[in-house]
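Dear colleague,

Please find below the structure that I am handing over to you. My notes on what was found in it follow directly after.

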Amino acid sequence: MSTPWYAMGVDEVLHILNSSRKGLTDEEAFSRLQRFGYNEFEKRKKVSPIKIFLNQFKNVFTLILLAAIVISIGISWLEAGASERGAAMETYADAIVIGAIVVLNAAVGFVQEYRSEKAMEAMEKMTTPKARVLRNGKEALIPAREVVPGDILILEAGDRVPADARIIEAVELRVNEAILTGESTPVGKDIMALPVDTPVSDRWNMVFAATYVTYGRGKAVVVATGMNTEFGKIAEMVQTVEKEEIPLKAKLDKFAKKIGLVVVAAASAILVLELLRKSVVDIEIFMTSVALAVSAVPEGLPAIITVTLAL
């Protein structure tokens, strides 16, 4: 279909949808339900808070920092005297600082991802459980998930719209579309066709899923359900953002791998050169090489990036 629903006349919309002002029959509605599926968002596998938190440690930079913590503790333990081991907090200062950064980074990432999960759950709750439609020429109250394209919705003040629909009758009809467009003032609706390039916020002959009627009454023929609605498209974008890896994160992981290789190579080179210079195996040479490797890791970078993006 090249011409959008809002750019067509009422009769043309009804004709294309093979519907009428009397609505669908039960048989036709059942057939369309099998073809188009239920009017609901795609079910997602919920992620537990614990898994969300553990996922924060699955990037290369964090693994490098965890390795740095272990190495720092080992170096501090070896450098400390027998009587001082475990006695002074400053002995393990580097490990404590790096550990705090790792925890902070994980906490901020957890909060962001957890909020995203909750946002998706909230969107699912914004849909209405029931819908009034015309079936077999009579008004019927059905589960909103069973609404199909071609159904005639009966809309009155206080009703939440169950699906995207083209208005075919309107009597002082006004709809609050703040959830979709951000416009807090209820939008007046009518049946006149609109230009093809009309944005969503100005489609006065359409009603959209999850919005609600504030005044008047009207009827509308359903043109889209479930994930095909404007609200469903937003839900899909939220899900897509959660699944796709952020480009900056991918670049950060790539950068971390390069740093890891450079640090290991530099530490190994220093160790070899020192061994060649002294011609003797000395624990201090090893400790110096490892200490230089740990100090070369920019442990503050992940936290800075995470906090900056969260602001």
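I begin with a salt bridge: the side chains of arginine 145 and glutamate 40 meet with a nitrogen-to-oxygen distance of 3.3 Å. This pair ties together distant parts of the chain, as 105 residues separate the two partners. Arginine 145 sits in the loop between strand S2 (138-143) and S3, while glutamate 40 belongs to the loop between H2 and helix H3 (49-55). Both partners are partly exposed, arginine 145 at 34% relative accessibility and glutamate 40 at 28%. Please bear in mind throughout that this is a predicted model, so every value in this message is computed from predicted coordinates.

Overall composition

The secondary structure of the chain amounts to ten helices and seven strands. The chain has 311 residues, of which 38% count as buried. Among contacts with a separation of 6 or more, 70% are between residues 24 or more positions apart. The exposed area of the chain is about 17,600 Å², and carbon and sulfur atoms supply 61% of that area.

Further salt bridges

The whole structure contains ten salt bridges. One of particular interest for its setting joins arginine 135 to aspartate 151, with the closest N and O atoms 2.8 Å apart. Here too the pair links distant parts of the chain: arginine 135 lies in strand S1 (residues 130-135) and aspartate 151 in the loop between S2 and S3, 16 residues apart. Are these two partners buried or exposed? Arginine 135 is buried, with a relative accessible area of 10%, and aspartate 151 is buried as well, at 0%.

Salt bridges with shared partners also join Arg132, Glu139, Glu156 and Asp159 into one network. Within this network, arginine 132 is found in strand S1. The side chain of arginine 132 makes a polar contact of 3.2 Å with the side chain of glutamate 139, and another of 2.9 Å with the side chain of aspartate 159. Once neighbours within four places in sequence are set aside, the residues in contact with arginine 132 include Glu139, Glu156 and Asp159, together with Ala140, Leu141, Ile152, Leu153, Ile154 and Leu155.

A further salt bridge lies within a helix: the side chains of glutamate 28 and arginine 32 meet at 2.6 Å, N to O. The two residues are four positions apart in helix H2 (residues 26-36), so about one helical turn separates them. What is the relative accessibility of each partner? Glutamate 28 is partly exposed at 25%, whereas arginine 32 is buried, with a relative accessible area of 4%.

Nonpolar cores

The largest nonpolar core comprises 24 residues, and those with the most contacts inside it are Trp5, Val13, Val221 and Val223. Which elements give two or more residues to this core? They are helix H1 (10-16), strand S3 (152-156), strand S7 (212-224) and helix H7 (230-243). A second, separate core has 17 residues, among them Ala144, Leu153, Leu155 and Ala165.

The surroundings of valine 223 may be worth viewing in the model. Apart from neighbours within four places in sequence, valine 223 is in contact with Trp5, Val13, Leu17, Asp164, Ala165, Arg166 and Met206. Trp5 and Val13 are thus listed both among these contacts and among the residues with the most contacts inside the largest core.

Surface and a loop position

On the surface, Ile50, Phe53 and Leu54 form a nonpolar patch, with about 300 Å² of accessible area together. Leucine 54 is located in helix H3 and counts as partly exposed, at 49% relative accessibility. That value falls short of the exposed class because the class requires over 50%.

Finally, alanine 210 is placed in the loop between strand S6 (206-207) and S7. Alanine 210 is buried, at 2% relative accessibility. The C-alpha atoms of alanine 210 and glutamate 177 are 8.3 Å apart in space, and the two residues are 33 positions apart in sequence.

With kind regards

Note on methods:
Residues are numbered from 1 along each chain as its sequence is written. This is a predicted model: local features need pLDDT of at least 70, side-chain atom pairs count only at pLDDT 80 or more; totals for chains, interfaces and linings use all residues. Side-chain values use heavy atoms; hydrogens and water are left out. A nonpolar core is a set of buried Ala, Val, Leu, Ile, Met, Phe, Trp, Tyr and Cys residues joined through side-chain atoms within 4.5 Å. Buried means under 20% relative accessible area, exposed over 50%, partly exposed in between (1.4 Å probe, protein chains only). Contact means heavy atoms within 4.5 Å. Accessible areas come from the Shrake-Rupley method with a 1.4 Å probe; for residues, only the protein chains shown count as cover. A salt bridge is a side-chain nitrogen of Lys or Arg within 4 Å of a carboxyl oxygen of Asp or Glu. A polar contact is a pair of N or O atoms within 3.5 Å; within protein, one must be able to donate a hydrogen and the other to accept it, and residues adjacent in sequence count only if both atoms are side-chain atoms. Patches are made of residues with over 30% relative accessible area and no salt bridge: like charges are joined within 9 Å, nonpolar side chains (Val, Leu, Ile, Met, Phe, Trp, Tyr) within 5 Å.
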